[in-house]
Every structure is written in structure tokens, then in C-alpha cells.
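Work through the exercises below with the sequence and the model open. Try each task before reading its solution.

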Amino acid sequence: MIPSPDPALLAAITRATCEAFRQAEITLPPDVKQAIRTAEEHETSEVARGELANILANLEMAEALSVPICQDTGVPVIYLTMPPHVPLNNGIYEAIAEGVRSATREIPLRPNVVGPLTRENTGDNTGEGMPVVHVRPGDRLTITVLPKGAGAENMSRIAMMLPSERGLIPKFVAETMLIAGGKPCPPVVLGVGIGGTFDGAAALAKEALLEPIDTMTPYEKEILAAVNALGIGPMGVGGRTTALAVKVKTAGCHTASLPVAVNVQCWACRRATVEVPC
Amino acid sequence: MPPGNGGGAVLSIMDLCTPLSHEVLMLRAGDRVTLSGTVYTARDEAHLRMIEEGIPFDPHGAVIYHCGPVIQGQRVIAAGPTTSARMNSLSGFLIERGVRALVGKGGMSRQVADQLKGRGVYLAFTGGCAALAASRMTLKGVFFEDLGMAEAVWVIELDRLPLVVGIDAAGNDIFEGVHRNAQAEFRKRFSPKKETPA
């Protein structure tokens with residue numbers, strides 16, 4: 001029989017979840033801030049620079065006032081690592097959901113979660129299948145949150161490409177941004193999932209958004225160059241920076257398949273990790 | 001932070017103040033401006049209500065802000081722009097009644113650009129900049145509060161909000177130009193190599 005987790009541990013998980021949201025919603029990670037600063041230096045158009053200057057001023061203001069960076073505080077996506085000695089059961093999931101409710105009240109977050117057909121708002125950012133929780137084994141108990149706003153999420157795409165079309169992956173990614181234009185609040189970060197299964201590719205694309213954006217492989221840089229050549233620029237006003245980074249994650253797939261997913265992330269590439277001592 | 005810091009080269013900026021008048025006709029797409037004075041927030045539901053019941057404020061020289069803010073008591077907590085394209089088919093009556101500017105993000109349709117000709121402008125505010133926006137806003141009142149926080153018409157006083165002219169009163173549209181160029185670049189880069197005829 002699996003022992004129930006210690007109530008003190010569950011309370012710590014709730015607090016850690018809330019704290020991770022507080023960090024993610026108010027302060028962007030250093031690598032993302034630096035990428036936006038670098039983009040501002042590299043823009044030559046006055047209008048594009050103005051958009052990035054607004055974004056940088058907004059980041060300072062959010063930190064100074066301890067308020068969310070953007071009024072779309074997203075839906076809760078959570079990545080959990082569990083050490084071998086802590087049993088995983090529903091209590092852990094419920095503790096995380098309670099952390100989301102606390103964060104919604106205390107930070108505060110905009111209640112964004114609705115029933116997909118009724119469109120009724122649950123009022124606390126939890127609901128059927130919400131928060132989304134992905135679990136992996138690890139050495140330590142860590143909670144990583146990725147609040148995902150709708151403007152960028154809505155422009156994401158998936159394709160079941162042919163194995164012979166792997167050279168067309170950069171085209172598919174660039175086409176995703178051509179269709180998106182200024183709508184996903186560029187400069188974006190593009191998470192690209194290649195391989196796995198239909199659902200797996202989309203999960204990989206989202207996980208790619210957790211990776212630091214200050215390093216890229218030559219393949220990622222090649223895709224980034226194709227995207228930035230479009231000249232959509234910050235907020236779609238034209239400019240050199242349409243994307244700050246492209247991050248690719250791969251998984252083995254069927255010999256007859258090539259699933260490719262692009263998860264679009266606005267410039268507010270929010271993520272934060274809090275460890276729970278146990 | 002001192003006002004005006006949000007926009008980089010402050011010197012080139014024209015300061016607009018409501019109610020707006022003929023000065024908006026001189027603006028050109030791509031100009032950077034600041035906006036002070038009263039704006040009225042309106043999203044999808046507020047537009048539908050105004051079409052049905054009439055405009056609850058004086059539309060002459062007024063400014064509409066496409067925004068669903070987070071309001072706490074009498075305080076604006078977060079108030080970045082929402083996607084203006086959702087209001088593409090809902091804005092004509094406002095412009096006809098004398099509204100001089102629509103503020104939002106992402107641009108609007110050719111239909112709206114035509115409706116604005118000789119009358120007013122579309123001003124773009126940087127998406128996601130909710131904290132910056134809120135720091136330059138004072139809440140003055142509300143109409144249609146029954147529509148809920150995001151959809152109600154909030155009356156907000158602005159202090160030099162930094163904006164870009166997205167569509168001018170001559171019909172020039174920076175978003176349209178950028179999209180055309182992006183399409184051309186995409187075709188150039190990714191078109192299949194031309195076959196040499198035998």
C-alpha cells in the first residue's frame with residue numbers, strides 16, 4: 001500500500017506552487033530579459049525600438065509594483081519532478097491545484113479557466129484537467145510553472161509531415177509566424193517539437209519553452225534566421241527581431257511519421273522553479 | 001520612473017490630449033505619439049451593447065481603448081491592450097459618431113482603415129505592457145458594469161501613454177505593409193527551385 005504523503009509536505013507543495021507563480025508572473029528569467037535588451041540594441045527602426053523600450057519599461061514597472069507583467073496571466077502548466085522516496089498520489093495533485101487557487105487570490109491572477117463548451121469561468125484557474133501537471137522522476141521535488149497566455153498559444157500549429165519532408169521543417173516554422181504576424185505579441189520564443197507521436201510532439205514543443213534561450217544549436221539558429229528574415233518585428237510593426245529564440249526538442253518516432261509542433265510563446269516567456277525540501 | 005521614459009527617443013514624440021480633433025489627420029502611420037486624457041475601454045460585448053442601447057458617453061473626439069483591465073476597488077492593476085481585430089466589424093458606428101482614435105494591439109482590417117479615412121486613426125500600444133499601462137492610468141468611472149470586469153466600459157484618465165500610429169487618416173497601415181513584405185520574403189526563401197525548361 002502506498003503511504004499517504006505527510007500533510008506538512010502537501011502544505012509545502014501548495015506554498016511552493018503559489019511562490020513559483022508569483023516569481024513567474026512578476027519577473028522574467030534573466031536570459032529572457034537579456035534577450036529583449038539585446039534585441040533593442042540590434043533594432044535599427046525607431047518604431048521597433050520604441051516597442052522594445054515599452055516592454056523593458058513594463059518589466060521594471062511590474063517588478064517595482066509587484067504586479068503581473070501582463071493582464072493575461074495565462075493558464076497554469078506545471079512540471080513536477082518527484083524524488084524516489086515521495087509517493088505520487090492524488091494528494092500531490094490536489095496540493096498543486098490548491099497552490100494555483102492561492103496564487104489566483106493572492107498575486108492576483110486573472111481567472112482565465114472556463115469550461116470549453118459552457119464557457120463558464122471556474123473563478124480560480126482550476127477545473128477539469130487544469131492545472132496541467134506533467135510528472136517526471138528526479139533527485140529532488142521541484143515545481144516548475146509555465147503560465148501560458150492565449151494570444152500566443154492560439155497561433156501554435158502541428159503538422160504530421162512526411163518523413164521525406166524533413167528539410168521543410170524550417171519552412172513550416174516560418175509559415176507559422178507568417179500566419180501569426182503581430183498577434184502573438186512578438187518578439188516570440190518558438191518551441192519546436194519534432195518526432196514522438198501526434199500528442200507527444202506538442203508536449204515536446206511546450207517543454208522546449210523551459211529551456212534557456214541564451215544558447216542555441218546551429219539547427220535552431222538556422223530556423224531563427226528564417227523566422228527573423230520575415231521582418232514582422234516587435235508587435236508586428238516591422239523590425240529585425242520577430243523571434244528571440246527557437247528551441248527544438250526531439251523524440252524517436254515511427255519510421256512512416258514526422259510529427260512537428262510549434263508552440264508560440266509571446267515575449268513574456270514566463271517560467272519559474274521552486275524546490276520543496278523533503 | 002519619469003513619464004516619457006517608456007518610448008526611447010522622446011524628442012520625436014507628439015503629445016495628444018483628448019478630446020481629439022483635426023490634429024489626428026496630420027499623423028502618419030509609424031509616428032510615435034503619447035496620449036493623455038480620457039479613454040473608454042471596450043471589447044466585444046461593450047460594442048454590441050453600444051450598438052443596441054447607444055453610446056453612454058459623448059463620442060465627439062473620444063478615444064476607444066480595446067482593453068479588458070484588472071480593476072481592484074478604484075485602482076487599475078493591469079491594463080494592457082487586447083487584440084483589436086476582434087472589433088473589426090464592430091467599430092464603424094463609433095467612427096461615424098465622431099470617435100477620433102481606436103487604441104489596441106495587432107492592427108485592424110482594411111474595412112476599418114477605410115472607415116477611418118479623413119476622420120481618425122488607429123493607435124497601437126505594446127501588447128503585454130499591462131504594468132506600464134496601469135502606472136499611467138487613473139480610474140474615473142464605469143458604464144455597463146453588469147458585463148463583468150473584462151467587458152465593461154471603464155472610463156480611464158491617461159497620463160502620456162506611449163503609442164504608435166498603426167493606421168493613419170489617409171489609410172496607410174504599417175501592419176499591412178509589414179505583412180506584405182513578410183509574404184514576399186517567405187516566397188523568395190521557400191519557393192521550390194525553378195525547373196529549367198528542356
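The exercises go from confidence to sheets, domains, the chain contact and unusual backbone spots.

This is a predicted model, in which local features need pLDDT of at least 70, side-chain atom pairs count only at pLDDT 80 or more, and totals for chains, interfaces and linings use all residues. Residues are numbered from 1 along each chain as its sequence is written, while chains are lettered from A and ligands numbered from 1 in the order in which they are written.

**Exercise 1. Confidence**

Task: State how confident the predictor is in chain B and in the complex.

Solution. Step 1: pLDDT is the predictor's confidence in each residue, from 0 to 100. Chain B averages 90, and 91% of the residues score at least 70. Step 2: Look at residues 1-11 of chain B, where the pLDDT is below 50. Beyond near neighbours in sequence, this stretch has 23 contacts in the model (two residues are in contact if their C-beta atoms, placed from the backbone, lie within 7 Å). Step 3: For the complex, the predictor gives an ipTM of 0.92 and a pTM of 0.91.

**Exercise 2. The sheet with β3 and β8 of chain A**

Task: Find the strand order, the edges and the helix that lies across β3 and β8 of chain A.

Solution. Step 1: Helices (H or I, at least four residues) and strands (E, at least two) are DSSP runs, numbered from the N terminus. Two strands pair if DSSP finds at least two bridges between them. Step 2: The order is β2-β1-β3-β8 (chain A), an open sheet of 4 strands with mixed pairing. Its edge strands are β2 (132-137) and β8 (272-276) of chain A, each pairing on one side only. Step 3: The twist from one strand to the next averages 20 degrees. Axes are lines fitted to C-alpha atoms, for helices over the stretch in contact, and angles run from 0 to 180 degrees between N-to-C directions. Step 4: Strand β3 (residues 141-145) of chain A and β8(A) run antiparallel, joined by 5 bridges. A:V145 is opposite A:A272 in β8(A). Step 5: Across β3 and β8 of chain A lies helix α1 (residues 7-26) of chain A, at about 160 degrees to β8(A).

**Exercise 3. The sheet with β4 and β7 of chain A**

Task: Find the strand order here, and say how α6(A) and α7 of chain A lie on the strands.

Solution. Step 1: The open sheet of 4 strands has the order β4-β7-β5-β6 (chain A), with mixed pairing. β4 (157-161) and β6 (243-251) of chain A are the edge strands. Step 2: On average, neighbouring strands of this sheet are turned by 15 degrees against each other, direction ignored. Step 3: β4(A) and strand β7 (residues 258-265) of chain A run antiparallel with 5 bridges, and A:R157 has A:V262 as its bridge partner in β7(A). Step 4: α6(A) packs on the sheet, touching β4, β5 (188-195), β6 and β7 of chain A, and its direction makes about 35 degrees with that of β7(A). Step 5: Helix α7 (residues 198-208) of chain A lies across β4, β5, β6 and β7 of chain A, at about 145 degrees to β5(A).

**Exercise 4. Domains of chain A**

Task: Describe the two domains of chain A and their contact.

Solution. Step 1: Domain bounds come from an automatic or database domain assignment. For chain A this gives domain 1 (7-27 + 69-147) and domain 2 (150-265). Step 2: Their centres, taken over C-alpha atoms, are 26 Å apart. Step 3: The contact takes 5 residues from domain 1 of chain A and 5 residues from domain 2 of chain A.

**Exercise 5. Where chain B meets chain A**

Task: Which element of chain B gives the most to the side that touches chain A, and what does α5(B) meet in α6(A)?

Solution. Step 1: 40 residues of chain B are in contact with 42 residues of chain A. Step 2: α5(B) gives the most to the side of chain B that touches chain A, with 11 residues. Step 3: The axes of helix α6 (residues 169-180) of chain A and helix α5 (residues 174-190) of chain B come within 11 Å and cross at roughly 170 degrees. That makes α6(A) roughly antiparallel to α5(B) (angles under 35 degrees count as roughly parallel, over 145 as roughly antiparallel, 65 to 115 as roughly perpendicular and the rest as oblique). Step 4: A:K171, A:A174, A:E175 and A:L178 meet B:A182, B:Q183, B:F186 and B:F190.

**Exercise 6. Backbone**

Task: Which peptide bond of chain A is cis, and where is A:P108?

Solution. Step 1: The bond from A:I107 to A:P108 is cis, with omega near -15 degrees. Step 2: A:P108 is in the loop between α4 (90-106) and β2 of chain A.
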